[in-house]
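Okay, thanks for making time, everyone. Let me put the structure up, and then I'll walk you through the parts I wanted to talk about.

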Amino acid sequence: MNALPASILIVEDELLIALQIGADLKRAGYQVYPPAVTGAAAIECALAQRPAVILMDISLPGSLDGLQAA
């Protein structure tokens with residue numbers, strides 16, 4: 001029986017960086033959700049999608065930084 005690939009949420013306000021990391025992870029066989037760019041969006045996506053791993057930037061725009069969102 002094949003296990004499902006781990007799901008990953010990338011939280012990064014630099015979209016090109018987030019897309020590159022996501023592409024690399026997809027090539028490695030992981031399921032990658034669309035990137036979140038704010039702390040609030042990260043929380044919303046994490047609650048809805050329940051990823052196995054979250055890669056969180058600590059410096060994010062908005063009222064919640066990455067540390068607060070984590």
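Quick definition before anything else: when I say two residues are in contact, I mean they have heavy atoms within 4.5 Å of each other. And keep in mind that what you're looking at is a predicted model.

So let's use that straight away on Ala36. If you skip the neighbours within four places in sequence, Ala36 is in contact with Leu9, Ile10, Val11, Glu12, Ala41 and Ala42. Ala36 also belongs to the largest nonpolar core, which has eight residues. Alongside Ala36, that set is made up of Leu9, Val11, Tyr33, Ala42, Cys45, Ala46 and Leu60. Which elements give two or more residues to this core? Those would be β1 and α2. And α2 gives the most, with three residues. There's another core lying apart from that one, with five residues, including Ile8, Ala18, Leu25 and Val32.

Okay, on to strand β1, which covers residues 7-11, and where you'll find Ser7. Is Ser7 buried or exposed? Its relative accessibility is 9%, so Ser7 counts as buried. Again leaving out anything within four places in sequence, the contacts of Ser7 are Gln31, Tyr33, Arg50, Pro51, Ala52 and Val53.

Now pick Arg50 out of that list. Arg50 sits in the loop that runs between α2 (39-49) and β3 (53-56). With 62% relative accessibility, it's exposed. The bit you may want to look at is the backbone: phi of Arg50 is near 55°, so a positive value in a residue that isn't glycine. For context, most residues other than glycine have a negative phi.

Next up, Asp57. That one is in the loop between β3 and α3, with α3 being residues 66-69. At 18% relative accessibility, Asp57 counts as buried, because the cut-off for buried is under 20%. What does the side chain of Asp57 reach? The backbone nitrogen of Ser59, at 3.0 Å. Outside the four-place window, Asp57 is in contact with Val11, Glu12, Asp13 and Gly66. And if you like sequence versus space, try Asp57 against Ala18: they're 39 residues apart in sequence, and 9.8 Å apart going C-alpha to C-alpha.

Charges now. How many salt bridges does the count come to? One. It's between the side chains of Asp24 and Arg27, with an N to O distance of 2.4 Å. The two are three residues apart in helix α1, so about one helical turn separates Asp24 from Arg27. On accessibility, Asp24 is partly exposed at 38%, and Arg27 is exposed, with a relative accessible area of 62%.

Staying with α1 for my last stop: the helix spans residues 15-27, and Leu16 is in it. Leu16 is a leucine that counts as exposed, at 74% relative accessibility. And Leu16 has company out there. Together with Leu15, Leu19 and Val37, it forms a nonpolar patch on the surface. Put the four together and you get about 390 Å² of accessible area.

So if you open the model later, here are the spots to click on: the positive phi at Arg50, the side chain of Asp57 reaching Ser59, and the surface patch with Leu16 in it. That's me done, happy to take questions.

Key: Residues are numbered from 1 along each chain as its sequence is written. This is a predicted model: local features need pLDDT of at least 70, side-chain atom pairs count only at pLDDT 80 or more; totals for chains, interfaces and linings use all residues. Side-chain values use heavy atoms; hydrogens and water are left out. Patches are made of residues with over 30% relative accessible area and no salt bridge: like charges are joined within 9 Å, nonpolar side chains (Val, Leu, Ile, Met, Phe, Trp, Tyr) within 5 Å. Accessible areas come from the Shrake-Rupley method with a 1.4 Å probe; for residues, only the protein chains shown count as cover. Helices (H or I, at least four residues) and strands (E, at least two) are DSSP runs, numbered from the N terminus. Buried means under 20% relative accessible area, exposed over 50%, partly exposed in between (1.4 Å probe, protein chains only). A nonpolar core is a set of buried Ala, Val, Leu, Ile, Met, Phe, Trp, Tyr and Cys residues joined through side-chain atoms within 4.5 Å. A polar contact is a pair of N or O atoms within 3.5 Å; within protein, one must be able to donate a hydrogen and the other to accept it, and residues adjacent in sequence count only if both atoms are side-chain atoms.
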